[in-house]
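Dear colleague,

I am handing over the structure we spoke about, with the sequence alongside. Please open it before reading on, since the notes are easier to follow with the coordinates in view.

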Amino acid sequence: MATYIVRRLILALIVLIIISLMIFFVIRLLPGDPIYLYMSRQEQQTLTLEQIQAARHEFGLDKPMVVQYFEWISGIFHGNFGDSLFYSESVGALLKRRIPITLNLGIPAFIIGSVLGTAAGVLSALRRGKALDSVMAIFSYMGIAVPIFWLGILLIYVFGLKLHLLPMFGYTSPTVDLVQNIKQLILPVVCLAVTPLASLARQSRSSMLEVVRQDYIRTAWSKGLREREVVMRHALKNGLIPVVTLMGISLSYILGGSVFIETVFSIPGMGALSVQALLSKDYAIIQAVTLLIATMIVVVNLLVDLTYGWLDPRIRYS
Amino acid sequence: MTQESNIINLGATTRFNESRRIMKVMLGRKLVVLGMVVILAFIIVAIFAPLLAPYDPYAQDLNVVHQQPSAAHWLGTDALGRDTLSRIIFGARTSLLVGVVSVGIAAILGIWMGLIAGYFGGWTYNIIMRFIDALMAFPMILLALVLAALLGGGLKNVIVAIGIALTSLYARLMCSQVLSAKENDYVTAARSLGAGNWRIMVRHLIPNCLPPIIVLITLQLGTAILAEAGLSFLGIGIQPPQAAWGAMVSDGYKYILMTPVLSFAPGLAIMLVVFSFNIVGDGLRDALDPRLRGTL
């Protein structure tokens with residue numbers, strides 16, 4: 001197990017280094033002067049060539065790329081993500097305020113998606129070929145295909161505009177008003193949970209179907225165990241192992257989806273921030289947010305791999 | 001001579017039987033048939049858009065702005081008096097174009113990266129696959145968004161951005177396929193007959209690794225269309241006035257109280273098309289994958 005852990009850690013580290021290199025160089029090699037990273041559009045137009053040169057020197061953009069890269073990385077380790085142009089404050093301060101909001105939205109969605117998705121998948125596998133299975137199959141196909149921004153608009157229309165049951169948009173911190181916070185988050189959390197729920201339902205269904213065909217399940221049945229015992233004690237334990245590996249993908253869906261959901265519901269989290277940054281070419285934010293999201297996914301995948309290796313010894317030795 | 005032609009015939013017959021079997025499995029499932037019908041309709045609408053659209057999708061008519069659905073305008077009109085149905089019909093063109101070309105780019109790039117990594121192994125494998133791992137750490141939609149925004153939006157850049165964002169899955173699938181396929185006897189046989197790396201890769205490995213790739217392509221067509229809709233919804237994708245479903249949903253959202261159909265109709269079109277590609281892709285996978293044969 002120790003070798004397995006070390007090997008996984010080194011692999012994750014290498015991937016993180018490649019990610020940081022990709023983010024750094026893609027932003028700098030694409031058309032456009034990297035001085036945009038540090039200057040507002042107005043400044044770019046009014047400053048003279050000499051002043052721009054001076055600014056270039058001030059920000060260290062006349063140094064070799066490699067040196068710049070290491071300065072960027074060491075800045076991150078000191079909590080310095082650079083300054084935003086659009087918001088005229090440091091990216092670090094912006095992220096500190098916005099990450100909790102995205103977590104407030106994303107964690108409930110992640111839990112709902114994982115629990116309900118797995119339950120739905122197991123249930124359809126057990127009732128395979130029955131009406132319930134077909135209905136769930138159609139719903140999960142719809143869940144994967146639905147554009148979640150459109151689903152958000154639909155829900156706002158029905159529950160906000162027509163039925164007046166729930167607030168249509170906005171965000172209130174749970175420390176300020178918990179009831180309002182929950183009311184405002186119901187619709188966005190539902191939208192965000194749909195895609196991971198649907199994809200987990202399908203994956204756990206096929207994973208369970210693999211397991212119920214195994215010999216030891218037949219043995220369990222032939223011992224005269226009740227369905228409950230066969231499912232809980234034998235099938236679930238093994239059937240859910242591959243489902244664990246999908247946690248990273250669920251996280252990926254949720255972080256990607258938050259970009260849309262936060263925009264539709266006017267929630268000032270990290271997703272809405274990235275859209276703003278992309279539209280206003282606020283490179284310092286784009287760099288920081290993409291690096292942060294990719295790092296989160298790598299870390300979760302690492303944890304998933306380690307759990308998987310711990311649950312299923314065959315993985316460790318392959 | 002007779003013997004040789006028999007062998008060729010035998011090959012042709014099995015291939016024919018194989019595709020007939022796949023069709024039979026797929027046509028046996030109602031949902032898959034429905035999906036195939038929708039996809040066919042989608043393609044026809046996209047190709048013959050100018051013939052099918054009742055109005056010019058770009059013609060503004062300020063006398064008929066914000067019309068509710070009526071006999072003249074089946075799905076109403078938008079804020080500029082443009083016919084919504086005609087814009088949806090033309091939007092199908094954008095979706096189909098982006099879907100096919102971006103998935104094509106992703107498949108070609110991914111197949112070659114996976115093939116080279118899997119075939120040569122060692123350092124080549126490590127470098128390519130770690131790069132793919134890094135790409136996979138970004139949520140696909142976020143990667144497409146960032147690339148499209150950095151490249152500057154517009155049809156061409158959206159296609160390139162989505163194409164790159166989808167590449168990693170093909171590379172990973174192809175690589176794992178090649179890793180097992182290259183151990184087969186036909187590869188050893190080809191090599192002992194003097195075939196070089198290029199010939200083995202192109203003539204033997206690619207055709208043998210293709211079936212699961214074809215399934216992935218079908219599924220990814222839906223994903224690409226969904227991604228394009230998302231990009232256009234956020235204003236980073238297809239630029240107005242070009243008709244794109246995602247941008248139409250966003251436009252309609254502004255007038256949700258007055259004419260909700262403006263936002264609902266294009267969204268429904270996106271869902272229906274993506275739904276169909278997923279169902280047909282899954283049907284194809286079940287028909288091709290021998291492990292699931294006879295069980296579905």
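Below is what was found, taken chain by chain.

Please keep in mind throughout that this is a predicted model, and that what follows was computed from it.

I begin with chain B, whose secondary structure comes to 11 helices and 0 strands, so that reading from the N terminus the elements run α-α-α-α-α-α-α-α-α-α-α. Along its principal axes, the C-alpha trace of chain B spans about 75 × 45 × 35 Å.

Three helix pairs in chain B were examined, and the usual description of two packed helices gives the angle between their axes together with the distance between the axes. How do helix 2 and helix 4 of chain B pack? Helix 2, residues 30–47, and helix 4, residues 84–120, have axes 8 Å apart and pack at an angle of about 105 degrees; an angle of 65 to 115 degrees counts as roughly perpendicular, and these two helices of chain B are therefore roughly perpendicular to each other. On the helix 2 side the contact is made by B:Phe42, B:Ile43, B:Val45, B:Ala46 and B:Ile47, which meet B:Ile89, B:Ala92, B:Arg93, B:Ser95 and B:Leu96 of helix 4. Sorted by class, this contact between helix 2 and helix 4 of chain B has 8 nonpolar, 1 polar and 1 charged residues.

Helix 4 of chain B also packs with helix 9 of chain B, residues 197–233, at an angle of about 145 degrees and with the axes 7 Å apart. Helix 4 passes helix 9 in a right-handed crossing, and the residues of their contact in chain B divide into 21 nonpolar, 6 polar and 1 charged.

The third pair in chain B is helix 5, residues 122–136, with helix 7, residues 155–181, where the angle is about 145 degrees and the axes are 9 Å apart; here the crossing of helix 5 past helix 7 is left-handed. From helix 5, B:Tyr125, B:Met129, B:Ile132, B:Asp133, B:Leu135 and B:Met136 meet a set of residues in helix 7 of chain B that includes B:Ser168, B:Leu169, B:Arg172 and B:Cys175. That contact between helix 5 and helix 7 of chain B has 9 nonpolar, 1 polar and 2 charged residues.

One backbone feature of chain B deserves a look in your viewer: a cis peptide bond, with omega about 5 degrees, joins B:Pro240 and B:Pro241. B:Pro241 is placed in the loop between helix 9 and helix 10 of chain B, the latter covering 245–254.

Turning to chain A, the chain is divided into domain 1 (2–77) and domain 2 (94–317), and the C-alpha centres of these two domains of chain A lie 33 Å apart. Between them, 18 residues of domain 1 are in contact with 17 residues of domain 2 in chain A. The area buried between the two domains of chain A is about 1,600 Å², and carbon and sulfur atoms give 74% of that area.

Two local details in chain A complete the list. A:His164, in the loop between helix 7 (148–162) and helix 8 (178–212) of chain A, has phi near 50 degrees, a positive value in a residue other than glycine. A:Val194 is found in helix 8 of chain A, and its C-alpha atom is separated by 8.7 Å from that of A:Ser140, although the two residues are 54 residues apart along the chain. Leaving aside neighbours within four places in sequence, A:Val194 is in contact with A:Gly143, A:Val146 and A:Leu151.

With best regards

How values were computed: Residues are numbered from 1 along each chain as its sequence is written. Chains are lettered from A and ligands numbered from 1 in the order in which they are written. This is a predicted model: local features need pLDDT of at least 70, side-chain atom pairs count only at pLDDT 80 or more; totals for chains, interfaces and linings use all residues. Side-chain values use heavy atoms; hydrogens and water are left out. Axes are lines fitted to C-alpha atoms, for helices over the stretch in contact, and angles run from 0 to 180 degrees between N-to-C directions. Helices (H or I, at least four residues) and strands (E, at least two) are DSSP runs, numbered from the N terminus. Angles under 35 degrees count as roughly parallel, over 145 as roughly antiparallel, 65 to 115 as roughly perpendicular and the rest as oblique. Contact means heavy atoms within 4.5 Å. Ala, Val, Leu, Ile, Met, Phe, Trp, Tyr, Cys and Pro count as nonpolar, Asp, Glu, Lys and Arg as charged, and the others, Gly among them, as polar. A crossing is left-handed if the near helix is turned anticlockwise from the far one by less than a right angle, and right-handed if clockwise. Domain bounds come from an automatic or database domain assignment. Buried area is the accessible area (1.4 Å probe) that two parts lose on being put together, summed over both.
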